[in-house]
Amino acid sequence: MCGICGILCGGSTSLDGRAVVAAMNEHMKDRGPDARGIWQDPARRVSLGHVRLAIQDLSANGAQPMLSHSGRSVMVYNGEVYNAADLKADLAGTGCGPFRGTSDTEILLEHAEAFGLAKTLEKSVGMFAIALYDIPTGTLSLARDRVGEKPLYYGFSGDTFAFASDVGAFREIPGFANGIRRDILPFYFSHGYIPAPYSIYEDVWKLEPGTILTLDPPYTRFDPRKDGDVAWYYRQTRAGEMTSASGHAYQLFYSMKETAAEGQARPFTGSRQEASEELARLLKKAIQGQMISDVPLGAFLSAGIDSSTIVSLMQAVSPGTVETYTIGMEDPRYNEAEIAGQIAKILGTRHTRMDITEQDAKEVIPRLPSMFGEPFADSSQIPTYLVSRLTRQHVTVALSGDAGDELFAGYTSYRSIERIWGKIGRLPAGLRRAASSALKGFSRGDTAKVKNALLAASSPHDLHMIEQDPWNLGGRLVRDSGILRPAAYSAGFLYTGSTLQRDPHLSPLREAMLTDLLLYHPDDILAKVDRTAMAVSLETRVPFLDRDVIAFAWSLPDDFLRDDTRGKLVLRDILYQYVPKELMDRPKKGFSIPIDQWLREEPLRSWAEDLLSPDRIRRQGILDEGEVSALWQAHQAGAAWKPQIWYVLMFQQWLQANGLG
């Protein structure tokens, strides 16, 4: 796990590339505390930077930026490729070698030079964000892994093209004055995160998962949205597609939509027991690959189905005792540490538990803007940071159970999508919208307003998105947003009916799951885990996101995933072989904190009221002070919790921390 960055100076800019990249490296020092490196091409004024968290080949032979054996290519890379041995075997007949060291970086670089970056990434199993520079031609290629485990931002500051693992590093570029991207704010205030390809800044973008961006000299300015690149990306349904414009091109080397369609078109035909056996085999293979490390390694254990399954299989394939880590909460409503300890004892892991106080959690809040670089408001970011901090005191790499809900239908919201769509989906879309519009003026109370909003949904995907903000707070909170329905996925912005490329073979359940894997999972869950872990220099790995595990999950029949009351059935079948069923069949508490309660108490109440003061909101000119005040006052009066309160507070704190508030 590392941090990468670079600048390609265009126009008449007088920037000192080495100094700028050195500052960007310093900004990302927590991502790579072990070493820093800079490489330059003075002829084209290209500078590449790297900060290293050494995991494989701890010697200088694994240092980056790394020059290829031929001297033609240089690469900076963040991540891990678990099948590097397979890639190395491909190079046996190419004349490449001898290898300087044992890092996956060197193998990845040589394979990309020999076979092309797209073919290399198609074969690679792992997580990565890569910048590969071809010295003779000046071509720069940026790539991001299949599902978005590793972050990669790119864009322009004036005439200078830049990229970085942390969007906050762009602020180290002298003269960086990119404004806030206001048209993405309704989405953020509905959902609490900013979706790829957008970032909080104008002219700065997230590279989409499974995508390669290539730039050629003279690195002229382009706008992915205005140029049609964003619309092209969301229309694609299979890997291998490419679009190009003057000076740049995008190529898909992986498509989650294609994987979903292929899995549903060729479903698994065995029994549920056979499915659980095959899934266990694939997970064991993935876990064994992800346990490759030259530094100490462990796993998060939260007492849920997902992490318990990963740890069970990890201990089953490990030659030694697995290290596991969990945190306990003061509030019993959120504390699963006792059960995690019981699971660890049954499995025989070496378990470490730390009990955190309310004060421990509150002390994290001021650090959040620097961790995430842009507004981000999943409140489980706080306990995720705390368990990462605990884990880093003992190991450098940790496996996690993320993605179990999205791949194996764990969320209770999926049941409501099926139920509601089963009722309204029989009616023509035009009739639903007309009925919703006609009833709007007669709706009284939250329940009626929610039902009205859901009635207008055009698809299970649309229903799933609306369900997350049926009050349209995202549109209402932003001053003069003009968003009349929930948040930025209406026609012309992020998603439309055509851009999702709905497959008639996808059930409502599967359509909601695909939506989460394209949006929520990479831009919320994976962003949360990466940023909080990297804040303490911990590498996290996610076995459920193995390429073959994902493909197999999409092939499973819906009734292998969930019944009327429970999800993740096939995972439970695996877990019950290791942990007693009665220990796991209990209400899920989740990995969260009582943030709603804390905001009604001091000192967080005063902190919040300062950030939300009408005078401050009015001076900033971004949010509607009336809507913000109404939301806050309703909460203080005891109204049901709306997560948009935390979304606004995290936005306000980010503005303040960056001198924009």
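**A tour of one predicted chain, strand by strand**

Okay, let's start right in the middle of things: tryptophan 39 stands opposite leucine 48, and that leucine belongs to strand S3. Quick caveats before I go on. What you see is a predicted model, where local features need pLDDT of at least 70 and side-chain atom pairs count only at pLDDT 80 or more, while totals for chains, interfaces and linings use all residues. Residues are numbered from 1 along each chain as its sequence is written, and side-chain values use heavy atoms, with hydrogens and water left out.

Back to that tryptophan. Strand S2, residues 35–41, pairs with S3, residues 46–52, in the antiparallel sense, over 7 bridges. By pairing I mean that DSSP finds at least two bridges between the two strands. The names come from DSSP runs numbered from the N terminus: helices are H or I with at least four residues, strands are E with at least two. The S2–S3 hairpin has 4 residues between the strands, and arginine 45 takes a positive phi near 55° there.

Let me zoom out for a minute. The chain has 30 helices and 18 strands. Its C-alpha atoms fill a box of roughly 75 × 60 × 50 Å along the principal axes. What about the radius of gyration? For 661 residues a compact globule would come out near 26 Å, and the chain has 24 Å, which agrees. That's over C-alpha atoms, and the globule rule is 2.2 Å times the number of residues to the power 0.38.

Of the 661 residues, 60% are buried. Buried is under 20% relative accessible area, exposed is over 50%, and partly exposed is in between, with a 1.4 Å probe and protein chains only. If you look at contacts with a separation of 6 or more, 73% of them join residues 24 or more positions apart. A contact here is heavy atoms within 4.5 Å.

On charges: the mean positions of the 71 positive and 81 negative ones are 3 Å apart. Lys and Arg are the positives, Asp and Glu the negatives, with His and the chain ends not counted. Each charge sits at NZ of Lys, CZ of Arg, CG of Asp or CD of Glu.

Now, my favourite strand. How many of the residues of S7, residues 139–144, are buried? 6 of the 6, so S7 is largely enclosed by the rest of the structure. In a regular strand the side chains alternate between the two faces of the sheet. For S7 both faces are covered: Thr139, Ser141 and Ala143 are buried on one side, and Leu140, Leu142 and Arg144 on the other. Yes, that list includes an arginine.

Who are the neighbours of S7? On S6, residues 126–134, there are 6 bridges, antiparallel, with aspartate 134 opposite threonine 139. S6 and S7 make a hairpin with 4 residues between them, and glycine 138 in the turn has a positive phi of about 75°. S11, residues 211–215, adds 4 antiparallel bridges to S7, and leucine 140 has leucine 215 of S11 as its bridge partner.

A few backbone oddities if you like checking torsions. There's a cis peptide bond between alanine 196 and proline 197, omega about 10°, and that proline is in the loop between helix H5 and strand S10. Another cis bond joins glutamate 602 and proline 603, omega about 5°, with proline 603 in the loop between H26 and H27.

Then the positive phi values outside glycine. Alanine 303 is at about 80°, in the loop between S14 and H9, and it counts as buried at 0% relative accessibility. Serine 537 is at about 60°, in the loop between H21 and S18, and it's buried too, at 8%.

Last stop, threonine 349, in the loop between H10 and S16. At 12% relative accessibility, threonine 349 counts as buried. Leaving aside neighbours within four places in sequence, its contacts are Val311, Gln315, Thr321, Val322, Thr324 and Ala344. Meanwhile leucine 368 is 19 residues along from threonine 349 and 32 Å away, C-alpha to C-alpha. That's my tour, thanks.
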